[in-house]
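Trainee: I am new to this structure and would like a close look at one part of it. Could you take me through the salt bridges, slowly and with the surroundings of each partner?

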Amino acid sequence: MNGKIDWTEQFFSADGRSGRLPFIVAAVVLVGLLTLYESVADTYAVLHWATGLFVYGLLIFTGACVLSKRLHDRGRSGWWSPLIMLAFILVWPYPKGFWDVVGLLFLIWAFVELVLMPGEQGANRFGPNPQRPSSPAAAVTP
């Protein structure tokens with residue numbers, strides 16, 4: 001690992017771990033793309049019908065990959081990502097009812113867990129620490 005972020009892997013692979021900064025950048029990009037798409041699609045309803053399934057499917061897939069990598073860095077299973085995305089969908093664009101408030105509380109937990117808390121020190125069951133890769137000499141087994 002040379003310290004550079006592989007953005008293709010960040011968005012299209014759920015394997016491995018992701019540090020806080022790459023996760024935040026990827027999350028902002030995905031939310032920005034969702035906002036841009038919905039602002040354009042709301043203006044042109046035909047566009048929304050023609051492209052919605054593809055665009056939302058791609059955003060859900062890449063969102064699951066980004067969330068899974070960060071959850072792995074915290075030592076959690078990537079299977080928490082569907083719950084986080086469901087909470088996001090409930091709250092988007094703002095909470096309106098009881099279940100939306102429950103989703104908002106879940107998103108607050110996710111924010112603290114994924115944005116404010118550091119990743120696990122050293123390697124865990126999902127791979128080496130992305131912030132402190134092991135030295136090449138340590139990777140060689142006798």
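Mentor: What follows is a walk through the salt bridges, pair by pair.

Please keep in mind from the start that this is a predicted model. A search of the whole structure finds five salt bridges, and I will describe several of them in turn.

Let us begin with E9 and K69, whose side chains meet in a salt bridge with an N to O distance of 3.6 Å. This pair links distant parts of the chain, since E9 lies in helix α1 (residues 7-12) and K69 in helix α3, 60 residues apart. The two partners also differ in how they are covered: E9 has a relative accessible area of 38% and is therefore partly exposed, whereas K69, at 3% relative accessibility, counts as buried.

Helix α3, which spans residues 45-73, also supplies a partner to the next pair. R17 forms a salt bridge with D73, and their closest N and O atoms are 2.8 Å apart. Here again distant parts of the chain are linked, because R17 sits in the loop between α1 and α2 while D73 belongs to helix α3, with their positions 56 residues apart. Both ends of this bridge are covered: R17 is buried, with a relative accessible area of 9%, and D73 is buried as well, with a relative accessible area of 2%. To see why both receive that label, recall that buried means under 20% relative accessible area. The pair does not stand alone, for R17, R70 and D73 are linked in a network of salt bridges.

A further bridge joins R76 to E113, with the closest N and O atoms 2.9 Å apart. R76 is in the loop between α3 and α4, and E113 is in helix α5, so that this pair, 37 residues apart, likewise links distant parts of the chain. R76 is partly exposed, with a relative accessible area of 32%, while E113 counts as buried at 7% relative accessibility.

Before leaving helix α3, look also at Y56, which has its place there and is partly exposed, with a relative accessible area of 25%. The side chain of Y56 makes a polar contact of 3.1 Å with the side chain of H48. Leaving aside residues up to four places away in sequence, Y56 touches L34, Y37, E38 and H48; the C-alpha atoms of Y56 and L34, which are 22 residues apart along the chain, are separated by 8.2 Å.

Note on methods
Residues are numbered from 1 along each chain as its sequence is written. This is a predicted model: local features need pLDDT of at least 70, side-chain atom pairs count only at pLDDT 80 or more; totals for chains, interfaces and linings use all residues. Side-chain values use heavy atoms; hydrogens and water are left out. Helices (H or I, at least four residues) and strands (E, at least two) are DSSP runs, numbered from the N terminus. Buried means under 20% relative accessible area, exposed over 50%, partly exposed in between (1.4 Å probe, protein chains only). Contact means heavy atoms within 4.5 Å. A polar contact is a pair of N or O atoms within 3.5 Å; within protein, one must be able to donate a hydrogen and the other to accept it, and residues adjacent in sequence count only if both atoms are side-chain atoms. A salt bridge is a side-chain nitrogen of Lys or Arg within 4 Å of a carboxyl oxygen of Asp or Glu.
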